[in-house]
Amino acid sequence: MNKKKISLYIILFSFLISIFVSQYNIKNFDKNIYTDEGIIFHQMIKSDPYRYLSQGYDIKKEWDDGVSFFKSGPDNYTKYLPSRIAALYYYIFDYEFYNDENIQATVKTGNHNFYLFFQCFFYFLSLFIFSKSIYPLIKNNFISNIIIIFLCMEPTIFQYHTSFWSESYFFSFQLLLLSFMFKSQNLKNLMFVGFFLGILALQKQVAFFYIIPILLYYLYFIQKSKIGKMLLIFSSYFLILSILGFNNLGRTGKFFILTADTKNMLHLYLVEHVMMKKNKITGNEFRIAEGKIMYEWIKTNNINYDKSKIDSKKDYSYFIYRDAIIDEKDVISFDNEISARSIEYIKKYPIDVSKFVIKKGIHTILLNPFHIYSDNNFESGEVYYTTKTHDNLVYYRIPYSFIIYSICILGFVNLLIKKKYNIIALLIVSIIYFYSLVMWHGNTRYFVPNLIYMSIFFGYGASFIKDRLEAKLKKKELFN
């Protein structure tokens with residue numbers, strides 16, 4: 001078998017497996033479940049996936065009603081692109097999302113087979129394109145094949161292709177970005193680097209500032225016309241982000257590109273938990289206390305809000321006050337104030353915040369190949385974390401993570417030995433960037449994009465082990 005074609009066969013085989021697993025999940029978990037408490041949820045489409053798909057369907061209806069692309073969609077609280085991908089899917093196939101438009105409680109089953117098919121196809125097509133750039137760069141069939149096998153079959157990555165979370169497309173865009181970064185530094189390739197940097201930012205807000213370490217990388221490694229080439233990358237990056245900016249301009253009259261949760265996440269997932277522990281209060285008590293402060297801010301700044309949603313005699317979470325604001329421009333100002341308050345808390349309690357971040361940072365790196373399994377079988381993550389299933393699976397996750405990281409460390413050593421400093425620099429700055437922005441959150445899912453970069457370390461680590469074993473065998477044969 002041609003060694004260079006091994007990766008193609010692996011990709012095709014893995015693609016077929018992903019389709020099989022997707023259909024298995026659809027067959028067994030494309031269901032609406034009614035709990036004993038009367039709560040209704042879809043086994044696969046809940047939490048963030050429910051938000052992406054339901055918003056996508058709403059956007060599709062707006063397009064049907066003649067609303068232009070740049071005026072469609074809700075306020076961009078979180079990731080921009082996932083809901084647009086869903087909107088395009090519903091628009092092309094003219095599918096319904098709800099069983100009953102008037103109730104909007106249950107997800108219509110049987111409408112999402114092709115959604116997963118295209119998601120799987122796009123990832124493995126991106127991986128095929130990536131394989132075409134990795135072979136000329138590395139010039140070692142064994143290492144290249146191991147990298148492709150890792151990206152095809154590593155279960156932490158693979159599981160997301162068969163789900164409705166946003167990770168699979170993000171992995172695909174990462175691979176396409178790396179594909180052009182590994183090619184020659186001509187103007188066309190650099191333009192596509194900026195293009196996919198912008199696409200990454202639209203798919204996940206954590207990638208908004210990824211362009212900074214990438215430009216620093218190019219500043220060091222580009223040999224000629226540095227400024228011009230970096231401007232080209234930034235220009236194509238900003239051109240893609242302007243889609244989001246003009247969408248916001250069409251809806252609100254204001255051009256901006258940062259999503260709301262980039263301003264609120266610190267408050268919700270960092271500040272809240274630190275203050276809960278420090279003041280011995282519940283999360284709801286903290287949100288109500290912040291709600292009182294933000295209500296005063298609303299009144300002080302004469303912000304128009306829907307008074308039917310607010311009873312002045314009651315206390316509400318600050319999110320309730322945010323939802324009551326009528327003008328989206330004022331919502332943006334509200335989010336900016338929440339962001340400013342987060343910074344104030346961090347400055348006021350730096351030690352408490354540091355302890356929390358370190359603890360969460362350690363938990364974040366624990367790989368979780370069972371996320372989609374638990375997501376399909378439990379009502380929510382909060383429920384799953386309290387079960388024995390979660391505790392039992394941790395015993396598998398710890399040694400698995402140790403093995404993966406150990407091989408990657410050997411790969412880092414191997415790259416140093418081979419003096420592949422440009423590859424090391426790109427991988428390290430990427431991993432540091434994505435890890436530093438999510439370590440405080442503690443959600444292992446947010447760490448998974450780093451595995452795309454770690455796959456190259458893994459390939460070199462496997463080669464390091466192979467070379468040492470072969471050397472020992474040769475030495476043993478000589479003595480025999």
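Is Arg 322 buried or exposed, and what is its relative accessible area? Arg 322 is buried, at 8%, where buried means under 20% relative accessible area, exposed over 50% and partly exposed in between, using a 1.4 Å probe on protein chains only.

Before the views, some ground rules. This is a predicted model, so to speak: local features need pLDDT of at least 70, side-chain atom pairs count only at pLDDT 80 or more, and totals for chains, interfaces and linings use all residues. Residues are numbered from 1 along each chain as its sequence is written, and side-chain values use heavy atoms, with hydrogens and water left out.

**View 1. Arg 322 sits in helix H13.** Helices here are DSSP runs of H or I with at least four residues, strands are runs of E with at least two, and both are numbered from the N terminus. Pick Ile 351 as a reference point and you'll find its C-alpha 30 Å from that of Arg 322, with the two positions 29 residues apart along the chain.

**View 2. The loop between helix H12 (283–300) and helix H13 (318–324) holds Ser 308.** Ser 308 is exposed, with a relative accessible area of 65%. Its side chain makes a polar contact with the side chain of Asp 306 at 2.5 Å. A polar contact is a pair of N or O atoms within 3.5 Å; within protein, one must be able to donate a hydrogen and the other to accept it, and residues adjacent in sequence count only if both atoms are side-chain atoms. Ser 308 and Ala 324 are 16 residues apart along the chain, and their C-alpha atoms are separated by 8.5 Å. Asn 302 lies in the loop between H12 and H13 too; it has a positive phi, near 55°, in a residue other than glycine, and is exposed at 66%.

**View 3. Tyr 210 is one of the residues that touch the most other members of the largest nonpolar core.** Leu 127 and Phe 130 share that billing, in a core of 101 residues. A nonpolar core is a set of buried Ala, Val, Leu, Ile, Met, Phe, Trp, Tyr and Cys residues joined through side-chain atoms within 4.5 Å. Leave out residues up to four places away in sequence, and Tyr 210 touches Leu 177, Leu 197, Leu 200, Ser 430, Tyr 433, Phe 434 and Tyr 453, contact meaning heavy atoms within 4.5 Å. Apart from this core lies another, of 17 residues, including Leu 268, Tyr 305, Ala 324 and Val 331. As background, nonpolar side chains tend to be buried together in soluble globular proteins.

**View 4. Helix H1 (residues 6–29) packs with helix H5 (residues 141–153).** The angle is about 5° and the axes are 10 Å apart; axes are lines fitted to C-alpha atoms, for helices over the stretch in contact, and angles run from 0 to 180 degrees between N-to-C directions. That makes H1 and H5 roughly parallel to each other, the label for angles under 35 degrees (over 145 is roughly antiparallel, 65 to 115 roughly perpendicular and the rest oblique). On the H1 side, look for Ile 6, Ser 7, Ile 10, Ile 11, Phe 13 and Ser 14; H5 brings Asn 145, Ile 148, Ile 149, Cys 152 and Met 153. The contact residues divide into 8 nonpolar, 3 polar and no charged. Here Ala, Val, Leu, Ile, Met, Phe, Trp, Tyr, Cys and Pro count as nonpolar, Asp, Glu, Lys and Arg as charged, and the others, Gly among them, as polar.

**View 5. Two buried loop residues, Ser 166 and Arg 445.** Ser 166 is in the loop between helix H6 (155–158) and helix H7 (167–181), at 2% relative accessibility. Its contacts, leaving out residues up to four places away in sequence, are Tyr 52, Lys 79, Pro 82, Gln 203 and Lys 204. Arg 445 lies in the loop between helix H19 (421–438) and helix H20 (450–479), at 4%. With neighbours within four places set aside, Arg 445 is in contact with Asp 48, Tyr 160, Trp 165, Glu 167, Lys 204 and His 371.**View 6. Ser 225 has a positive phi of about 50° although it is not a glycine.** Ser 225 is in the loop between helix H9 (211–221) and helix H10 (226–252), and is exposed at 55%.
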